[in-house]
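Thanks, everyone. Let's get the model up on the screen, and then I'll walk through the surface, the ring pairs and the core.

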Amino acid sequence: MKIISQRREQAGRVHAVADFAVKTEILVLMISLFVGPVLRAQETVDELRDLARNPVSDAIKVPFAESINFGAGPYDRTSNSLQLQPVIPLQISKNWLLVPRIVATAVAYEPDVAQTHGGTTGLGDTVATFFFTAFHAGKLIWGVGPSLLIPTATDSRLGAGKWDLGPSAVLLVEPDWGSAGVLVQNIWSLPGHSSRASVNQLQIETSFSYNLPLGWYLVTAPTINADWTQAAGQRWLVPFGGGAGRTFNIRNQAVDTNLALYYNAVRPQSQLSPRWQLSLQLTLIYPKEQKPTPKDRQDSHAGDPREETN
C-alpha cells in the first residue's frame with residue numbers, strides 16, 4: 001500500500017507540472033490571437049513552415065517546448081520540463097543579422113531516480129546563444145556565435161550551478177521537399193563554486209522534416225548529448241524516433257506545432273537516464289513586415305494608370 005501511495009504521489013506531481021505547462025501554452029496562444037494581427041505579415045503556410053524550421057530566420061518566434069522523460073532509474077521515474085525559447089532577430093548591418101536564441105527552463109520536475117518517490121520542482125538554467133548569420137542567405141543557411149549558460153536554477157539538482165560558455169554553429173538546407181539541419185554547441189564551465197562539478201558538455205540538435213499537404217509534415221529532431229567529464233560508457237545519450245506536425249493560422253496568428261516520441265537507444269550504462277522522451281512543441285511565429293524598396297515603389301508607380309500622362 002505504501003508503494004502504491006508513493007507512485008500515486010509521484011504521478012500527481014508530474015501531472016501537476018504537465019497541467020501547468022499546457023495551461024501556460026494555452027494562455028499565451030489566446031493572448032497572441034489578439035496581438036498577432038498587429039505584429040505579423042501575410043505569409044503562405046509553406047513560407048511559415050520554412051520559418052518555423054529555420055533557427056536563424058528573420059522572424060520573431062516564441063516556441064514552447066514541453067518534454068516528458070519516462071523510465072528513469074530502477075523505479076521507472078518520470079521527469080518533466082517546460083522551456084520557453086524566444087528568438088528575436090536584429091539586423092545589425094546591411095548584410096548581417098544577429099539572432100539571439102534564449103532557452104529558459106520555466107518549470108522543471110526532477111525525480112530522485114534512486115527512490116520510489118520524491119523529487120524537486122523549480123526553475124532550470126537558461127542558455128543564451130547569439131548567432132551571427134547572413135541577412136541574404138543562400139541555399140545553405142548558417143550561423144555561428146557564442147553560447148552562455150546562466151545558472152538560474154532554483155535547486156542544485158535542476159542546474160549546473162556555474163556559468164558556462166562555449167561556441168555554437170548551425171547549418172540548414174530547405175529544399176522543396178522539407179528541411180535538414182544541425183545545431184552544434186559545446187560549453188565549458190567558468191570558474192565558480194568549488195562544490196559544483198565542472199561542465200564540459202556537447203549538444204547536437206538535429207532536425208529533418210518532410211513536407212506534406214495542408215501544412216502537415218513529418219519530423220525527427222532528436223537532441224544528442226555527450227558529457228565529456230564522464231567515463232566512456234557514461235557519456236552519450238542518443239535518441240531515435242520522430243513524429244508529425246503542422247503549420248497553420250488561427251485567425252491571423254501563425255502557429256507551428258509538433259508531437260514526437262523518441263527512444264534513447266544509447267544512454268549511460270548506469271541506466272539512470274530515461275528510456276523514452278515525449279516532446280510537444282508549440283511555436284508562435286511573427287514574420288517581419290517587408291518594407292518596399294525604392295525600386296519596388298518605382299515599379300508600382302510605373303504600373304499605375306493614374307501615373308500616365310495624356
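Start on the surface. Ile88, Leu90, Ile92, Trp96, Phe130, Phe132, Leu140, Trp142, Val144, Leu171 and Val173 form a nonpolar patch, with about 930 Å² of accessible area together. Strands β6 (126–134), β7 and β8 each give two or more residues to this patch. β7 gives the most, with three residues.

Some ground rules. This is a predicted model, so local features need pLDDT of at least 70 and side-chain atom pairs count only at pLDDT 80 or more, while totals for chains, interfaces and linings use all residues. Numbering runs from 1 along each chain as its sequence is written, and side-chain values use heavy atoms, with hydrogens and water left out.

Now the terms behind the patch. Patch residues have over 30% relative accessible area and no salt bridge; nonpolar side chains (Val, Leu, Ile, Met, Phe, Trp, Tyr) are joined within 5 Å, like charges within 9 Å. A salt bridge is a side-chain nitrogen of Lys or Arg within 4 Å of a carboxyl oxygen of Asp or Glu. Areas are Shrake-Rupley with a 1.4 Å probe, and for residues only the protein chains shown count as cover. Strands are DSSP runs of E, at least two residues; helices are H or I, at least four; both are numbered from the N terminus.

One patch member is Leu140. Leu140 sits in strand β7. Is Leu140 buried or exposed? Neither: at 46% relative accessibility, Leu140 is partly exposed. That label covers the range between buried, under 20%, and exposed, over 50% (1.4 Å probe, protein chains only).

Next, the rings. A pair of aromatic rings is described by the distance of the centres and the angle of the planes. Rings of Phe, Tyr and Trp (its six-membered ring) pair if their centres lie within 6.5 Å; planes under 30 degrees apart are stacked, over 60 edge-to-face, the rest tilted. How many aromatic pairs does that rule give? Four. One of them is Trp96 with Trp142, edge-to-face, at 5.9 Å centre to centre and 75 degrees between the planes. This pair links distant parts of the chain: Trp96 is in β4, Trp142 is in β7 (residues 140–150), and they are 46 residues apart. Trp96 is partly exposed, at 37%. Trp142 is partly exposed too, at 31%.

Then Trp177 and Phe208. Their ring centres are 5.4 Å apart and their planes at 40 degrees, so this pair is tilted. Trp177 is in the loop between β8 and β9 (178–189), Phe208 is in β10 (residues 200–211), and 31 residues separate them. Trp177 is partly exposed at 39%, and Phe208 at 40%.

Now inside. Nine residues make up the largest nonpolar core: Val56, Val87, Leu97, Val99, Phe131, Ile141, Val170, Leu172 and Leu183. β4 (96–111) and β8 (164–173) each supply at least two of them. A nonpolar core means buried Ala, Val, Leu, Ile, Met, Phe, Trp, Tyr and Cys residues joined through side-chain atoms within 4.5 Å.

Also in β4 is Val103. Val103 is buried, at 13%. Setting aside neighbours within four places in sequence, Val103 contacts Gln83, Leu84, Gln85, Asp125, Thr126 and Val127. Contact means heavy atoms within 4.5 Å.

Last, the whole chain. There are three helices and 15 strands. Of the 310 residues, 40% are buried.
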